[in-house]
Amino acid sequence: MEKQPGTLSRDPHELYYLRMQRSKEKMEKVKSEENLYQNKRRLKVCVATCNRADYSKLAPIMFGLKSHPEEFELEVVVLGSHLIDDYGNTFRMIEQDDFDIGSKLHTIVRGEDEAAMVESVGLALVKLPDVLQRLHPDILVVHGDRFDALALATAAALMNIRILHLEGGEVSGTIDDSIRHAISKLAHYHACCTRMAEQHLIAMCEDHSRILLAGCPSYDKLLSTYHRDDYVDIIKSWLGDKVKDQDYIVALQHPVTTDIQHSIKIYGLMLDALISFNKKTLILFPNIDAGSKEMVRVMRKKGIEQHPNFRAVKHIPFEQFIQLVCHAGCMIGNSSCGVREAGAFGTPVINLGTRQTGRETGENVLHVRDADTHNKIYHALELQFGKRYPCSKIYGDGNAVPRILKFLSNIDLEEPLQKTFCFPPVKDSFSQDIDHILETQSALAVDLGGTNLRVAIVCMRGNIVKKYTESNPKTFEDRMHLILKMCKDAVQDGVHLNCRILGVGISTGGRVNPQEGIVLHSTKLIQEWSSVDLRTPISDALGLPVWVDNDGNCAALAERKFGHGRGVENFVTVITGTGIGGGIIHNHELIHGSTFCAAELGHIKVSLEGPECSCGNQGCIEAFASGMALQREAKRLHDEDQLMVDGMEMKLSEQITAAHLISAARNGNSKADAVLHKATMALGAGIVNILHIVNPSLVILSGVLASYYQAPVQHVITERALFSAQCIKVVKSDLEEPALLGAASMVLDYATRRTY
């Protein structure tokens, strides 16, 4: 048979051989992939829990490990006060959570004094080697600063078992600091909660690449479950049917092991103050530290367990405890829960004594460090009870567990076990850029203008990561709905953009009470915008702290953090836009005034007569020099057919603006030039008045007219200011978005520096 042109013919035996060869290669590839999968051994993680408090932090991680059986093999070891009847036999809640407990170690030597704590550590060190040798984990997860945890870390380190330490780098009072830092030095890996804790670990010469800024794991559960519908039933089950939301107190006080007698005295004073305050109180027994036995004796001597206003309990399940703290009128004591978890709800807290000294706290915490009298504690209760504060996320955003699981999965067991320390400590920086560890700390900035509503994600360096713009609705309801929608969209986008949103800053026109987050009086450009509480609905909807200030003050804050005002002790920012506004920075701080109308620079009178201002007066700077004033004069000249000159072009449909007036003056129009000269003199005279009152070292002009006004205003200062003020410079702002950057700076400054 003849071959067809352009075709190839092969021997049948050759074709058969090729098919067999390809089949064999395919089978070998599949077998290789199966072997690769089988050779990827699961990471064996041992989680050791010592008490009810550390279990609330470890449980979310344990659930996360258990939900990924293809990657992790979970072992659970229980020791410490979990196994003591007087402290509620809390190991049962671990079993109720359906975890298999691999080992239960009775390690507590009773006595509740310093010697008993030492003996308990020794007993744990005797028992732990057998358990760790039998389980042979790849990683041991240890939490916090308890003496039990120190025994765990010591045993694991000596047995060459890698250690992941949670919540290292934090600072508090008592012996806990020393124990916490000792565990950090034994640990190979760290999952810390705050930026400050991370910096402390770096300063302790820990390896950057082994530090994870995760947030507190308890926040994952806390932020996802505290909006429960059954909270009323939980309150009633613990405190009775008559107790209402925010009408009770949660008390939790532990011994201070470095000053036991003084802490027992404070405990007695706290109980006396609570009895006098006469509110229903849920009081938890103290932990097992030295001095706890004496504290329980004080409680029983005062008859707290029989008192009708008190309910004394040894243990409350964490999910229910969250609800009780969230809806309490106040929390009092020295528990870390008060300075950490309670801030996420805005619950008012009274922190007694020195046990939490150095902790980062939100503004919800009132410290009574020298709690030496009953009256002092009672007065603190009067100040705090029933208040509500902005929600704080200093210690986490609800995404700690996914970060920790990813961190664990990336641990290379082939790396040398021996720790290496980084000497000397590295220079502080905004971000360590470890791709699977650190997110960019960012703020959500909102700018409410007369025309547009803008929202932006702004990072610590002042870069705008993403911006959203919509027309500003005319009604209050539509405006609030749009603000919440845009903020929620931005928060969701922030997750994908690797940005951790620390809070929301809002810049708006009008007079604002920044302490309460309320717009007191609005400008005419924004309708239905007076007596508006912005903080509460936005904070409640987003679960983030919210700051509010007017646009002039925000422009000054933007310059202080990102612009010409950086490092300048005293300066004034003047906005020259549609209106005239600004802000005053004195001694590095923004001046608000007694009724929040300081720095209303546009309403400084420079003439007893003059044109009418939007505020109702005559002769204000804004009536002469604002964009609206220049537009008004440009329209007047245009209507009189005296605006256009040779060299100017304008379409028939084009709207007359201040830009046309400036263009006419530059092209030789004497009437336009006269208007601008009067505007410049008015603005210059107003700024001279400011120089003579607050005497700043710098004036920063911001807004669309800044480039035009800069040189003429400098000339007016040189001619009309007092000799000692004539040298003060006027500069044009380099910031493109001062309102957004100023709103962001409120968040970035305050959300990252709260140390009390």
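**Close-up 1. Asn334 and its surroundings in the predicted model.** This model is predicted. Leaving aside neighbours within four places in sequence, Asn334 is in contact with eight residues named here: Leu252, Gln253, His254, Val256, Asn351, Leu352, Arg355 and Gln356. Asn334 sits in the loop between β11 (330–333) and α13 (336–339). Is Asn334 buried or exposed? Asn334 is buried, because its relative accessible area is 0%, and buried means under 20%. One of the residues in contact with Asn334 is His254. The side chain of Asn334 reaches the backbone nitrogen of His254 at 2.7 Å.**Close-up 2. The four domains of the chain.** The domain assignment splits the chain into domain 1 (43–216), domain 2 (228–384), domain 3 (434–563 + 742–755) and domain 4 (566–734). Domain 3 is written as two stretches, 434–563 and 742–755. The C-alpha centres of domain 1 and domain 2 lie 26 Å apart. Their contact takes 34 residues from domain 1 and 29 residues from domain 2.

**Close-up 3. Where domain 1 meets domain 2.** The size of an interface is often given as the accessible area lost when the parts come together. How much area do domain 1 and domain 2 bury between them? The value is about 2400 Å², with 50% of it on carbon and sulfur atoms. Six salt bridges are counted between domain 1 and domain 2. Eight residue pairs are in polar contact between these two domains, with both residues of each pair at pLDDT 80 or more. Which helices supply at least two residues each to the side of domain 1 that touches domain 2? They are α2 (52–66), α4 (114–135), α6 (176–186) and α7 (195–203). The largest share of that side, three residues, comes from α2.

**Close-up 4. A salt bridge between Arg340 and Glu170.** Here two side chains meet. Arg340 and Glu170 form a salt bridge, with 2.4 Å from N to O.

**Close-up 5. Asp551, annotated in UniProt as an active site.** The label "active site" at Asp551 comes from an unreviewed UniProt entry. Asp551 is found in helix α18, which covers residues 551–562. Is Asp551 buried, exposed or partly exposed? Asp551 is partly exposed, because its relative accessible area is 31%, and this class runs between the 20% and 50% limits. Which residues does Asp551 touch, not counting those up to four places away in sequence? Asp551 touches Ser507, Thr508, Gly509 and Ile575.

**Close-up 6. Four residues under one "binding site" annotation.** An unreviewed UniProt entry gives the annotation "binding site" to His603, Cys613, Cys615 and Cys620. These residues are spread over 18 residues of sequence, yet they cluster in space. How far does the largest C-alpha distance among them reach? The value is 8.8 Å.

**Close-up 7. His603 and its contacts.** His603 lies in the loop between β24 (589–590) and α19 (621–625). His603 counts as partly exposed, because its relative accessibility is 28%. Neighbours within four places in sequence are again left aside for the contacts of His603. The residues in contact with His603 are then Cys613, Ser614, Cys615, Cys620 and Glu622. Among them, Cys613, Cys615 and Cys620 also carry the "binding site" annotation.

**Close-up 8. Cys615 in the loop between β24 and α19.** Cys615 lies in the loop between β24 and α19. Cys615 is partly exposed, with a relative accessible area of 40%. Which residues are in contact with Cys615, leaving aside neighbours within four places in sequence? They are His603 and Cys620.

Terms used. Residues numbered from 1 in each chain as written. Predicted model: local features only at pLDDT ≥ 70, side-chain atom pairs only at ≥ 80, totals over all residues. Heavy atoms only, no water. UniProt positions renumbered as here; feature names shortened; annotations may be inferred. Helix = DSSP H or I, 4+ residues; strand = E, 2+ residues; numbered from the N terminus. Buried < 20%, exposed > 50% of the residue type's maximum accessible area, 1.4 Å probe, protein only. Contact = heavy atoms within 4.5 Å. Domains from an automatic or database assignment. Buried area = accessible area lost by both parts, 1.4 Å probe. Salt bridge = Lys/Arg side-chain N within 4 Å of Asp/Glu carboxyl O. Polar contact = N/O pair within 3.5 Å; in protein donor to acceptor, adjacent residues only side chain to side chain.
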